[in-house]
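Reader: I'm new to reading protein structures, and I'd love a close look at one part of this one. Could you walk me through how some of its aromatic rings sit together?

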Amino acid sequence: MRINERPIQRSPTKALSPLLNPPARIKLMVSLFLSLMLSGCAHYGTPKNVDIPDPRKADKYSLHDWDIAHRDDDIRFILTFSGGGTRAAALSYGVMQGLRDTKIDHEGQSVRLLDEVDYISSVSGGSFTSAYYGLHGDGIFENFENDFLKFNLEKHLILRALNPFVWFSKGGRTEAAIKYYQKFLFHDATFADMINPDRPMIIINASDLGYGIRFSFIQEYFDLLCSELSEYPVADAVAASSAVPVLFNPVVVANYDTCSGMNLIGTTDLHDAVEMYKGQNLPVLISQLETYSEKDKRKYVHFVDGGITDNLGLRAVSDVMAVTGDPDKIYDGSIKPPRHIVVIMVNAATESNQDMDISNKEPSAIGVIGAVSNLQLTRYDADSMLLTKTKVEEWAKKLSTPEQEVETHFINVSIQKIKHPELREFFNNIPTSFALKDEQVDKLIEAGRQLLSEDPEFQQLLVDLESRQIH
């Protein structure tokens, strides 16, 4: 079945908001009610990050070290996975299957495109897929569907939330979720376990609740906390990336004061960074990151769902490219620049539901909240796409020479690009939850594969890669 040609049976239950169908809404209200009932029970996050006196001596899960190890690649390949619960995780998984099965000839050998990926930046639901692949590699294609995509995680977490022992525990619902992630998905792994030269660097993103900062779980950001990322549990980072406020407690890390001179991706001090990047529209980003140096005011940092500050995982890409500085300094003549810069964005966001516009009836409070949230996300996502695309093109232009032009490919794999109305409605009615039907998961996986393979820019990428030598 081609995804844009043959309709499937319309879903009998129409979503009443852009984010939640009726059963999911009921669960949300129950969770909110329980949260209000339990608001008098104090929960304390237990920081699991360790301090270090000198971040430069940390075992590096860092962009800098990763970049040095992969600079001789002929292609810079970046994937970004959006938020959206299991819907996002399944769509991203389908794209990874498509990349695994797409091969190009190189000097008589068959090369998988998946093996060319250098970085995966993810938020919320997409972080389950990226982290699982970062730890298990091709094992994801054997076990991920049963371990996560087709497991009713939502039911499991709700049952744990109803346990009175969880109500009065210090860690609360989030710590209960982390224990499950540790046991069944990530097996007590830390970021040191994801340092693998044959796999991409996984950049898991969360939101700093106190200051609205997008925070990436990479050593450069942990430097600001005087902390070492390599010993931090992957399960906690994924929980932070997907911790919907109110439904889950924030994931808490300590902001230590044991180091001096915060490092920021190639700089030695944040104040120097402000001066260095004044002309690059970065003062807001730099000033936000600078708050981590206020150790007396920010002893702890509270992380929640990464989709709040970057629902596409793209801001991490554009921020890193901006703060890294001039690409001419990175590729200084001793190292050849890449011939291709590729960004594949997997976007599981659904279209807004406009049922309120066919009646003069006042929409419900939940309907209003959903519509406002969707409007804000849509506009911010559009800005993120434009910003990242512009930054990628700027890098390519600076790295291009008369002898060799650096080509860019920006590929948008999105549910909203499905053309057939009934089929698109089927996917738009899949809720943002962690409990989908097997049929929904299977069709999301197939959608990811087909949307990728049918994308004109992806087809052009294959033509360009076939005509050039890949090292």
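**A look at the aromatic rings**

Author: Happy to! Let's start with the whole protein, which has 18 helices and 12 strands. Keep in mind that this is a predicted model. Of its 471 residues, 55% are buried. Among contacts with a separation of 6 or more, 82% are between residues 24 or more positions apart. The protein exposes about 21,100 Å², and carbon and sulfur atoms supply 53% of that area.

Now for the rings. Searching the whole structure turns up 23 aromatic pairs. Take F151 and Y180 as our starting point: their ring centres are 5.3 Å apart and their planes meet at 10 degrees, so this pair is stacked. The cut-off behind that word is that planes under 30 degrees apart count as stacked. Where do the two residues of this pair come from? F151 belongs to the loop between α5 (140-149) and α6 (153-161), while Y180 is part of helix α8 (residues 172-186), so the pair ties together parts that are 29 residues apart in sequence.

Are these two residues buried or exposed? F151 is partly exposed, because its relative accessible area is 29%. Y180, with a relative accessible area of 5%, is buried. Here the helpful cut-off is that buried means under 20%.

Y180 has another ring partner to look at. With Y181 it forms an edge-to-face pair, 6.4 Å from centre to centre and with 75 degrees between the planes. The angle explains the label, because planes over 60 degrees apart count as edge-to-face. Y181 is buried, as is Y180.

Now step back and look at the wider group. Ring pairs join Y93, F128, Y132, F141, F144, F148, F151, Y180, Y181, F184 and F434 into a cluster. So the stacked pair we began with, F151 and Y180, belongs to this cluster, and Y181 is a member too. Try finding F141 in the cluster as well. The charged end of R100 sits over the ring of F141, at 4.4 Å from the ring's centre.

If you'd like one more link to find, look for the disulfide, as the structure holds 1. C226 and C259 form it, with their sulfur atoms 1.9 Å apart. C226 is in the loop between α9 (219-223) and β8 (227-228) and C259 in the loop between β9 (251-254) and α11 (270-276), so this pair ties together parts that are 33 residues apart in sequence. Both cysteines, C226 and C259, are buried.

Methods. Residues numbered from 1 in each chain as written. Predicted model: local features only at pLDDT ≥ 70, side-chain atom pairs only at ≥ 80, totals over all residues. Heavy atoms only, no water. Helix = DSSP H or I, 4+ residues; strand = E, 2+ residues; numbered from the N terminus. Buried < 20%, exposed > 50% of the residue type's maximum accessible area, 1.4 Å probe, protein only. Contact = heavy atoms within 4.5 Å. Areas by Shrake-Rupley, 256 points an atom, 1.4 Å probe, with all protein chains shown as cover. Disulfide = S-S within 2.5 Å. Phe/Tyr/Trp six-rings, centres within 6.5 Å; stacked < 30°, edge-to-face > 60°. Lys NZ or Arg CZ within 6 Å of the ring centre and 35° of its normal.
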